[in-house]
Amino acid sequence: MSVGEDREKTRLGFVDVLFAIAVGKTLELTTQPKMSAAGLAQLLVAGITTLLSYVGYRNSSSRTDQEMDPLRNGPFYHFVIDVFLVYLYFLLAASSESPGESPTATDEAVLIALVFLAYVAWDALALWMRRSGRLEGGVTPSSVRRMKVSVWCFAASGVVLAAVWIREPDTRNSVVLVDAVLLVLALAYRVLKGPSTRVTGTPPPGSGTPTGG
């Protein structure tokens, strides 16, 4: 195993553990007695969003085996975004209504909007890496399309969030409806993103080692 492959395996393993913690939290909360429909709906959003994100993370074509440099390195900031995303998934589950709590859709609407904002940041960084020659293949129609999908879904999540802030849904049916819309948005995002083929990193132009991002 090369040094680059070993670095990537370690990086993947660390984030894998974080994903497992987020999924575990979701499963744990589903075992609470007398869970409300609103609470279960949010846990469903949290669980499916987390699992879909894990699939996307594992299949991403814009991760590389380059060494991470905290000061000027794209792969490092991709790693930071990955960790932040898993934290948001954990919060999405943890903020679900406990038995006896009044239903609200604000928490999940805010968190899902932040998730899509992080997706936009991730894809924007990946495009920069491609344009600067730090990813093999350069900028492709597929990579641009995938960036647009992230922007569109972030905009849609912003519309949902604005509607929640304005209407302030506080009944079981209205909160479940909002959660259903967020779930459809998460599913649509993953479908529209489409398949992704893994590529390897390349050194920055004029560099002898693959340390740039």
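**Entry 1: α5 against α6**

I began with helix α5 (residues 141-167) and helix α6 (residues 172-193) in this predicted model. I found that their axes come within 10 Å and cross at roughly 175°. Angles over 145 degrees count as roughly antiparallel, and I therefore entered α5 and α6 as roughly antiparallel to each other.

I then listed the residues that make this contact. From α5 they are R145, R146, V149, S150, C153, A156, S157, V160 and V164. From α6 they are V178, V181, L182, L185, Y189, L192 and K193. Sorted by class, the residues of the contact of α5 with α6 give eleven nonpolar, two polar and three charged.

**Entry 2: α4 against α6**

I next took up helix α4 (residues 106-131) and its relation to α6. The axes of α4 and α6 come within 10 Å, with a crossing of roughly 15°. Angles under 35 degrees count as roughly parallel, and α4 and α6 are therefore roughly parallel to each other. I noted the hand of this crossing as left-handed.

On the α4 side I recorded E108, A109, I112, F116, Y119 and D123. These meet V175, D179, L182, L185, A186, Y189, R190 and K193 in α6. The residues of the contact of α4 with α6 comprise nine nonpolar, no polar and five charged.

L182, L185, Y189 and K193 of α6 appear in my list for α5 and again in my list for α4.

**Entry 3: α2 against α4**

I turned to α2 and α4, which pack at an angle of about 10° with their axes 11 Å apart. By the cut-off of 35 degrees, α2 and α4 are therefore roughly parallel to each other. The contact is made by Q42, V45, T49 and S53 of α2, together with D107, E108, I112 and Y119 of α4. I counted by class three nonpolar, three polar and two charged residues in the contact of α2 with α4.

E108, I112 and Y119 of α4 take part in this contact with α2 and are also listed in the contact with α6.

**Entry 4: Q42**

I looked up Q42 separately. This residue lies in helix α2. Is Q42 buried or exposed? Its relative accessible area is 0%; under 20% counts as buried, so I entered Q42 as buried. Leaving aside neighbours within four places in sequence, I found Q42 in contact with L92, S95, S96, E97, D107, E108 and D179. Of these partners, D107 and E108 belong to the α4 side of the contact with α2, while D179 is listed in α6.

**Entry 5: Aromatic pairs**

I searched for ring pairs and obtained a count of eight aromatic pairs. One of them joins F19 and Y54, which are edge-to-face at 5.1 Å centre to centre with 70° between the planes. F19 lies in helix α1 (residues 3-30) and Y54 in helix α2 (residues 37-59), so this pair ties together parts that are 35 residues apart in sequence. F19 has 5% relative accessibility and counts as buried, whereas Y54, at 26%, counts as partly exposed.

I then examined F116 and Y119. Their ring centres are 5.5 Å apart and their planes stand at 85°, so this pair is edge-to-face too. Being three residues apart in helix α4, F116 and Y119 are separated by about one helical turn. I recorded both F116 and Y119 as buried.

Which residues do ring pairs link into a cluster? I found F19, Y54, Y57 and Y89.

**Entry 6: A118**

I followed α4 to A118, which is found in that helix. With a relative accessible area of 6%, A118 is buried. Not counting residues up to four places away in sequence, A118 touches I81, F84 and L85. I also took the C-alpha separation of A118 and H78, which is 10.0 Å for residues 40 apart along the chain.

**Entry 7: The chain overall**

I closed with totals. The secondary structure comes to six helices and zero strands, and the elements run α-α-α-α-α-α from the N terminus on. Of the 213 residues in the chain, 45% are buried. Among contacts with a separation of 6 or more, I found that 81% are between residues 24 or more positions apart.

Key. Residues numbered from 1 in each chain as written. Predicted model: local features only at pLDDT ≥ 70, side-chain atom pairs only at ≥ 80, totals over all residues. Heavy atoms only, no water. Axes fitted to C-alpha atoms, helices over the stretch in contact; angles between N-to-C directions. Helix = DSSP H or I, 4+ residues; strand = E, 2+ residues; numbered from the N terminus. Parallel < 35°, antiparallel > 145°, perpendicular 65-115°, else oblique. Contact = heavy atoms within 4.5 Å. Nonpolar A, V, L, I, M, F, W, Y, C, P; charged D, E, K, R; others polar. Phe/Tyr/Trp six-rings, centres within 6.5 Å; stacked < 30°, edge-to-face > 60°. Buried < 20%, exposed > 50% of the residue type's maximum accessible area, 1.4 Å probe, protein only. Left-handed = near helix turned anticlockwise from the far one by under 90°.
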